[in-house]
Amino acid sequence: MMVGDSRVAHGGQAAPDLLIAGAGVTGLWLALKAARVGLSVLLAERAHVGAGASGGFLGALMPHSPERWNGKKDFQFRALVDLESEIATLEAETGLSCGYRRVGRLMPLTSERARTTALERIAEAKANWGDRFGFEVNHTPDRHNWPNIVSAPRGLVHETLSARLMPPALTAALAARLATMPNVDIRLGVGLLSIDRQESVAHLSDGSAIGFGHLALANGVDAFAFLAAAADQPSVSLGGPIKGQAALFDADASPDLPLVYDDGIYVIAHDSGQVAVGSTSEREFDDPHGTDVLLDDVIKGARRLCPLIRHAPVVQRWAGLRPRAIGRDPMLGPVPGAPRILAMAGGFKISFGVAHRMADCLVAEITGGGGPDMPDSFSVAHHLGKAR
Ligand SMILES: Cc1cc2nc3c(=O)[nH]c(=O)nc-3n(C[C@H](O)[C@H](O)[C@H](O)COP(=O)(O)OP(=O)(O)OC[C@H]3O[C@@H](n4cnc5c(N)ncnc54)[C@H](O)[C@@H]3O)c2cc1C
């Protein structure tokens with residue numbers, strides 16, 4: 001398809017080159033990357049920016065472990081490396097901070113076996129991450145009580161690749177940048193209702209029918225059903241929600257503190273001095289957005305792990321639904337049999353670290369230009385195969 005191709009949609013509205021459903025972190029990055037190369041973009045969000053899983057406050061950007069290297073780990077590694085400059089550009093363009101900092105991560109070791117495994121990973125990290133990022137196994141943390149040494153009886157891993165950002169700050173900066181771009185139309189409170197894939201027309205909740213060059217489904221947990229329908233396999237489940245709960249403490253923490261990750265608990269000191277902790281990982285739940293005793297347990301564990309927050313007040317409790325595709329990998333690229341419909345979904349626990357690179361892949365798909373290599377395991381065809 002040609003950039004700037006002028007199609008006319010049903011109802012006389014000019015058809016965008018790219019219609020995106022969903023203004024979470026994935027839809028926003030895609031809109032920005034597409035608009036930067038000159039595509040006309042219509043971003044339709046049924047609620048508001050960050051209304052879904054992207055509306056939390058954790059923002060951990062943590063690599064997969066460095067051994068058994070594969071396409072997914074390589075994709076994520078390159079994304080985590082590049083994100084630093086991507087954010088710097090966005091901050092320069094908008095004058096807004098995204099709360100990004102490459103602070104590294106500490107992981108307590110609680111058994112001799114865990115320590116041995118960690119020591120073996122030093123060479124793997126060097127081989128796969130290169131010399132720029134460290135991966136050490138130490139006896140004690142550099143900073144007193146961060147984390148509590150009682151939690152780390154066999155020492156701890158200290159790696160320097162991990163970073164963090166503040167999710168609402170990033171989504172606000174992306175939205176602010178998009179608002180300045182003449183080729184972007186953002187419609188909030190307007191949801192995608194259905195897609196006519198033969199005609200390449202989308203029906204929106206404001207009553208409009210919009211023709212599109214391409215349509216990207218970046219609508220979080222709701223993307224899976226649309227993608228299955230677009231693949232003409234509506235009864236296939238391509239993914240679903242995993243609920244997560246998190247809490248924010250008022251703590252006056254130093255913003256250069258590394259992330260702490262132990263047995264499913266993350267502790268993240270943000271630029272504001274507030275400390276975010278998470279998360280639960282729930283397949284079954286009654287209330288998708290409520291917080292409960294499961295979060296209380298995470299809070300207790302985090303207070304034990306990091307005494308800095310032992311008496312700090314909790315100022316916010318939050319829950320959201322992570323989009324988890326079948327097989328856990330992100331789902332990216334054209335739908336088999338419907339090449340104008342694109343998946344931008346299933347980032348599960350790593351979306352904030354990879355969304356900008358996923359967007360580069362899709363823009364390359366649309367324009368026919370060069371883009372990052374995408375692992376086969378991300379393709380919709382691969383996920384459909386798994387689902388069957
Ligand atoms: C407790 C918790 C902690 C997390 N911690 C981290 C972390 O530390 N690091 C990390 O990388 N990730 C983390 N995640 C995961 C991350 O938040 C998600 O992977 C990410 O936000 C998904 O982004 P998305 O844009 O795909 O979906 P979403 O953010 O869910 O956005 C989808 C958007 O689509 C809209 N929408 C839905 N249906 C329609 C429709 N039909 N038409 C138009 N719009 C529609 C929704 O309103 C929503 O705004 C966490 C998640 C949770 C719940």
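**Exercise 1. Find the loop that holds Ser279, and describe the peptide bond that leads into this residue.**

Solution. Ser279 sits in the loop that runs between strand 18 (275–278) and helix 6 (293–305). The model is a predicted one, and in it the peptide bond from Gly278 to Ser279 is cis, with omega near -15 degrees. For background, most peptide bonds are trans.

**Exercise 2. Describe the peptide bond from Trp146 to Pro147, and then the backbone of Asp232, placing Pro147 and Asp232 in their loops.**

Solution. Begin with the bond from Trp146 to Pro147, which is cis and has omega near 0 degrees; Pro147 itself belongs to the loop between strand 7 (135–138) and strand 8 (156–159). Turn next to Asp232, which is found in the loop between helix 5 (223–230) and strand 15. Although Asp232 is not a glycine, its phi is positive, at about 65 degrees. As a rule, most residues other than glycine have a negative phi.

**Exercise 3. Into which domains is the protein chain divided, and how many residues of each are in contact with the other?**

Solution. The chain is divided into domain 1 (7–54 + 169–238 + 327–387) and domain 2 (98–162 + 242–322). The C-alpha centres of these two domains lie 31 Å apart. At their contact, eight residues of domain 1 meet seven residues of domain 2. Between them the two domains bury about 690 Å², and 72% of this area is on carbon and sulfur atoms.

**Exercise 4. Work out which parts of the protein supply the shell around the ligand, and what kinds of residue it contains.**

Solution. The ligand is surrounded by 35 residues, of which the closest are Thr26, Glu45, Ser54, Phe348 and Ser351. By domain, the shell draws at least three residues from each of domain 1 and domain 2. By element, at least two residues each come from helix 1 (25–36), strand 4 (41–45), strand 15 (239–249), strand 19 (314–325) and helix 7 (351–367), and strand 19 gives the most, with four residues. By residue type, the shell divides into 14 nonpolar, 16 polar and five charged residues.

**Exercise 5. Which backbone atoms lie 2.6 Å, 2.9 Å and 3.2 Å from atoms of the ligand?**

Solution. At 2.6 Å from an oxygen atom of the ligand lies a backbone N or O atom of Phe348. A polar backbone atom of Ala53 is 2.9 Å from an oxygen atom of the ligand, whereas at 3.2 Å a backbone N or O atom of Lys349 faces a nitrogen atom of the ligand. As a last step, consider the cover: on its own the ligand has 1000 Å² of accessible area, and the protein covers 95% of it.

Terms used
Residues numbered from 1 in each chain as written. Predicted model: local features only at pLDDT ≥ 70, side-chain atom pairs only at ≥ 80, totals over all residues. Heavy atoms only, no water. Near = heavy atom within 4 Å. Polar contact = N/O pair within 3.5 Å; in protein donor to acceptor, adjacent residues only side chain to side chain. Areas by Shrake-Rupley, 256 points an atom, 1.4 Å probe, with all protein chains shown as cover. Nonpolar A, V, L, I, M, F, W, Y, C, P; charged D, E, K, R; others polar. Domains from an automatic or database assignment. Contact = heavy atoms within 4.5 Å. Buried area = accessible area lost by both parts, 1.4 Å probe.
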